[in-house]
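Q: I'm new to this one and would like a close look at a single part. Please pick one strand, go through it slowly, and then work outwards to its surroundings.

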Amino acid sequence: MICGTVGLGYVGLPLAIEKAKAGFKTIGFDVQAEKVAMVNRGENYIGDVVQEDLAQLVGDNMLEATTDFSRISECDFVAICVPTPLDVHQQPDTSYMEASAKEIAPYLKEGVMVVLESTTYPGTTEELIKPILEEGSGLVCGEGFYLGFSPERVDPGNLIYKTKNTPKVVGAIGEEALECIAAVYEAVLEGGVTRVSSPAVAEMEKILENTYRNVNIGLVNEMAMLCDRMGIDIWEVIDAAKTKPYGFTAFYPGPGLGGHCIPLDPYYLSWKAREYGFHTSMIEASMMVNDRMPEYCVDRTARVLNEHEKSLKGANVLVLGVAYKQDIDDYRESPALRVIECLEARGANVTYFDPWVPQYCYKGKTRTSLSELSAEAIASADIVLVTCAHSNVDYVLVQQHAKAVLDTKNAMKTVEPRCNIEVL
């Protein structure tokens, strides 16, 4: 059996590697020629991929990449792993999924299994992807080809759960399709496969996973703002609450939400819900709380500066960390980018240091990190703003030389003395 993976990003490349490691000849498809060339040279560009695994699989001719979508005709199993962002109106942008379906449809062969892995709203597989594949291929779903949905569960930087050992959920159109698609995943992955009754159930469960986190992070962010008003340490509150052995899961405040799923997925759900005349009031409220956290962090920064008799306008602000979570190089939807944007809009002079993200581009503007976090760079800042809790940052050095620190991630919780450190 030959497996195809459309999209060679954070989801697609690790999945393609696991298929090849399981003994299936695998072809990766991508419209970006640079990514394709790197894969074919055995060069890794994804943090969770082991360089040696990629190089060996390419060398053994078990994995290759191409921009030629006509080679879909060689594949018995095709996984679509492309981005599902939001448009400028915060509505689902399905263009990548649609384009991928249109690209592969003319080359689908009889009996091929097609699986959408991109996180999306319930109904996408059956209402959007199925008609495109049927029209473009001339085949009938359930007869000429099988179609299903299996949501990606990639957590960049997770040291325990990777693509290989994370449980899979699969929903498909028809019982035969479900069993065939699930069998492929069971042959490739070790985490087990949960079968559900339809693609819509699988699509909704993925949205639930991330909306659950969004709502709870919104709750704790709102609690953090209230605790600030009341003079209570939210981090101490959480540490006390999580001693309860049941009924409580600890979530932590921060400058907002980032990454490829959690900040986006609730928008997909609320958009789809409106089609049914339903307003997701609790979900939308949490989204509003999380969306305003970058501005809240800037307001807190201004307040700390004011206590040091310094205005935010004209202040030198050193931001530590622009990745969306600690110890990874991924800055997609990172709230730190909005924090920096807001700081500059209010007249601050901003520099940043991130050992994982030496450079980034946001809204057409490219920024470069300080090459090192020196005592001089810290001392020259009027305030240091910690927006990502990277473990390879010398926070003791920060404490020793900073005039003031606002730590939005409690990254410096063990650093003493704390006379110049304020937490969110």
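A: What follows starts with strand β6 and moves outwards from there. This is a predicted model, in which local features need pLDDT of at least 70 and side-chain atom pairs count only at pLDDT 80 or more, while totals for chains, interfaces and linings use all residues. Residues are numbered from 1 along each chain as its sequence is written, and side-chain values use heavy atoms, with hydrogens and water left out.

So, where is β6? It covers residues 145–149. Strands and helices here are DSSP runs, numbered from the N terminus: E over at least two residues for a strand, H or I over at least four for a helix. Because 5 of its 5 residues are buried, β6 is largely enclosed by the rest of the structure. Buried means under 20% relative accessible area, exposed means over 50%, and partly exposed is in between, with a 1.4 Å probe and protein chains only.

In a regular strand, side chains alternate between the two faces of the sheet. In β6, Phe 145, Leu 147 and Phe 149 are on one side, Tyr 146 and Gly 148 are on the other, and both faces are covered.

Now for the neighbours. On one flank, β5 pairs with β6 in the parallel sense over 5 bridges; strands count as paired if DSSP finds at least two bridges between them. Here Val 114 sits opposite Leu 147 of β6. To get from β5 to β6, the chain goes through helix α5 (residues 124–137), and this β-α-β crossover is right-handed. That means that, with the strands pointing away from you, the path from the first strand over the helix to the second runs clockwise. With β7, β6 pairs in the antiparallel sense over 2 bridges, and Phe 149 faces Gly 171 in β7.

Zooming out, β6 belongs to an open sheet of 8 strands with mixed pairing, in the order β3-β2-β1-β4-β5-β6-β7-β8. The edges are taken by β3 (63–66) and β8 (193–196); each has a single partner strand, so one side of each has no neighbour in the sheet. On average, neighbouring strands are turned by 25° against each other, direction ignored. Further along the order, β1 (residues 2–6) and β4 (residues 77–80) pair in the parallel sense over 4 bridges, and Thr 5 has Ala 79 of β4 as its bridge partner.

Something also lies across this sheet. Helix α6 (residues 175–188) spans β4, β5, β6, β7 and β8, running at about 155° to β7. Angles like this run from 0 to 180 degrees between N-to-C directions, with axes fitted to C-alpha atoms, for helices over the stretch in contact. Contact means heavy atoms within 4.5 Å.

Ser 100, in helix α4 (residues 95–104), is worth a stop too. Leaving out residues up to four places away in sequence, Ser 100 touches Val 6, Ile 80 and Val 82. A polar atom of the Ser 100 side chain lies 2.9 Å from the backbone oxygen of Tyr 96. Ser 100 is buried, at a relative accessible area of 8%.

What about the cysteines? The structure holds 0 disulfides, a disulfide being a pair of cysteine sulfur atoms within 2.5 Å. For Cys 141, the closest cysteine sulfur is in Cys 180, 12 Å away, which is too far for a bond. Cys 141 is buried, with 11% relative accessible area. Cys 388 is in no disulfide either, as the nearest cysteine sulfur, in Cys 297, is 13 Å away. At 2% relative accessibility, Cys 388 is also buried.

Now a second sheet: 5 strands, open, in the order β10-β9-β13-β14-β15, with parallel pairing. Its edge strands, β10 (349–353) and β15 (421–423), each pair on one side only. Neighbours in this sheet are turned by 20° against each other on average, direction ignored. One of its pairs is β13 (residues 383–386) with β14 (residues 405–407), over 3 bridges, where Val 384 is opposite Val 405. Helix α12 (residues 335–345) packs on this sheet, touching β9 (316–320), β10 and β13, and its direction makes about 155° with that of β10.

Conventions: Polar contact = N/O pair within 3.5 Å; in protein donor to acceptor, adjacent residues only side chain to side chain.
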